Amino acid sequence: MTALSSENCSFQYQLHQANQPLDGNCLLFLIILGKILLNILTLGMRRKITYQNFMEYFCISLAFIDLLLLVNISIISYFRDFVLLGIRFTKYHICLFTQIISFTYGFLHYPVFLIACIDYYLNFSKTTKLAFKCQKLFYFFIVILIWISVLAYVLGDPAIYQSLKAQNVYSYQCPFYISIQSYWLSFSMVVILFMAFLTSWSEVTALVQAVRMTSYMNETILYFPFSSHCSYTLSSKKTLLPKFIICFLGTWLPFVLLQVIILLLKVQIPAFIEMNIPWLYFVNSFLIATVYWFNCHKLNLRDITLPVDPFVNWKCCFIPLTIHNLEQIEKPISIIIC
């Protein structure tokens, strides 16, 4: 599989030639199918929550676009050469559609990250309060708008048009775009996690050594000692940071290690593969932890309208809770749901 990479902010595209026949459609079909199964598995594993947020709607829209791409590839592969609404479709269009999707996915990382940040900030500041139905329509509109805007940019960019035109000339090649946005986003998050761990490594080590595992209310939990003077309104960023690190890495450590390997080895992954739902939920957890940490001075953990993470139970990592059934527990403890 050939790759189309970007080197700087001006989006210069380089075409890496290879003797890859376009008949690799079967491999492309299997890759998209595997991605869709991963999307379904991830959506099925997440916590069923009623809290509305932008990232949830965007993840569902991404799963729908992936499914739509798979259907298009299947139809064109089956009929091979046909005319629909006056347009002739051939195997070439399989590569063309996948290239367009790759460019679109590649340019979505920054906008999605930024809009999710704004969404969580507004929910924390409570500057906007919409009815449930209005909120659903608002998020739906924002998701549609961001897809249309990025797709319009991709189709209107002269450099992208030239690369697609070059592929039409050399029809035996099917290069895919490698997103520079995902690289820098992943690099930034890994660096921030590393710096956070370095600044509180002693506290993290002490908490990890104090962790015990048990079963509570039909769930497997980890718990560690919690100071008795804490309340539901937290103001110390220093005491929260190691708990956030443990909660985050307790869920996403394999994914963090995967990002480190990809960055160190400079692995080039086509954008239509790299933009996936597990990646988005990883970014989502990072954003929620960051927003919690920066707003800890006004964080009221009894407030059920706070951002809810589908995979990490942030409340349970720092709420004082006494469990009377646990043996020889005299202090309040903090719970982390695994």
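In the predicted model, the search for disulfides returned a count of zero. The cut-off applied here requires a pair of cysteine sulfur atoms within 2.5 Å. Two cysteines may serve to illustrate the surroundings of this residue type: Cys-134 counts as partly exposed because its relative accessibility is 43%, a value between the limits of 20% and 50%, whereas Cys-247 counts as buried, its relative accessibility being 2%.

With regard to overall architecture, the chain contains 11 helices and 10 strands. Of its 338 residues, 46% are buried, and the chain exposes about 18200 Å², of which carbon and sulfur atoms supply 67%. When contacts between residues at least 6 apart in sequence are considered, 78% of them join residues that are at least 24 apart.

The largest nonpolar core comprises 70 residues, and those with the most contacts inside it are Phe-54, Phe-58, Tyr-105, Leu-108, Trp-147, Leu-280 and Phe-282. Helix α2, spanning residues 54-79, makes the greatest contribution to this core, namely 12 residues. The surroundings of Trp-147 give a view of the packing in this region: once neighbours within four places in sequence are set aside, Trp-147 is in contact with Phe-58, Ser-61, Leu-62, Ile-65, Thr-104, Tyr-105 and Leu-108. Another core lies apart from the largest one and consists of six residues, including Ala-196, Val-204, Leu-241 and Ile-246. Phe-54, listed above among the residues with the most contacts inside the largest core, also lies 9.6 Å from Ile-118, C-alpha to C-alpha, although 64 residues separate the two in sequence. Ile-118 belongs to helix α4, which covers residues 109-125, and is classed as partly exposed because its relative accessible area of 42% falls between 20% and 50%.

Two salt bridges were found in a search of the whole structure. In general, side chains of opposite charge can pair when their charged atoms come close. One of the two is formed by Lys-35 and Asp-66, whose closest N and O atoms are 3.2 Å apart. This pair links distant parts of the chain, given that Lys-35 is located in helix α1 (residues 25-45) and Asp-66 in helix α2, with their positions 31 residues apart in sequence. Both partners, Lys-35 and Asp-66, are buried. In a further salt bridge, the side chains of Arg-46 and Glu-56 meet at an N to O distance of 3.1 Å. Because Arg-46 lies in the loop between α1 and α2 while Glu-56 lies in helix α2, the pair ties together parts that are 10 residues apart in sequence. Arg-46 and Glu-56 are likewise buried.

On the surface, a nonpolar patch with about 970 Å² of accessible area in total is formed by Tyr-110, Tyr-183, Trp-184, Phe-187, Val-191, Phe-194, Met-195, Phe-197, Leu-198 and Trp-201. Helix α7, which spans residues 180-199, supplies the largest share of this patch, with eight residues, while Trp-201 has its place in helix α8. Between these two helices, the loop joining α7 and α8 contains Ser-200. Ser-200 is buried, because its relative accessible area of 3% is under the 20% limit, and, residues up to four places away in sequence not being counted, Ser-200 touches Leu-241, Pro-242 and Ile-245. Leu-241 is also among the members of the six-residue core described above. Pro-242 can in addition be related to Ala-206, since the C-alpha atoms of the two residues are 9.6 Å apart in space, with a separation of 36 residues in sequence. Ala-206 is found in helix α8, residues 201-210, and is partly exposed, with a relative accessible area of 43%.

A final local feature concerns the backbone. Most residues other than glycine have a negative phi. Lys-266, by contrast, has a positive phi near 55°. Lys-266 is situated in the loop between α9 (237-265) and α10 (271-274), and is exposed because its relative accessible area of 65% is over the 50% limit.

Terms used. Residues numbered from 1 in each chain as written. Predicted model: local features only at pLDDT ≥ 70, side-chain atom pairs only at ≥ 80, totals over all residues. Heavy atoms only, no water. Buried < 20%, exposed > 50% of the residue type's maximum accessible area, 1.4 Å probe, protein only. Helix = DSSP H or I, 4+ residues; strand = E, 2+ residues; numbered from the N terminus. Core = buried A, V, L, I, M, F, W, Y, C linked by side-chain atoms within 4.5 Å. Contact = heavy atoms within 4.5 Å. Patch = residues over 30% accessible without salt bridge, like charges linked within 9 Å, V, L, I, M, F, W, Y side chains within 5 Å. Areas by Shrake-Rupley, 256 points an atom, 1.4 Å probe, with all protein chains shown as cover. Salt bridge = Lys/Arg side-chain N within 4 Å of Asp/Glu carboxyl O.
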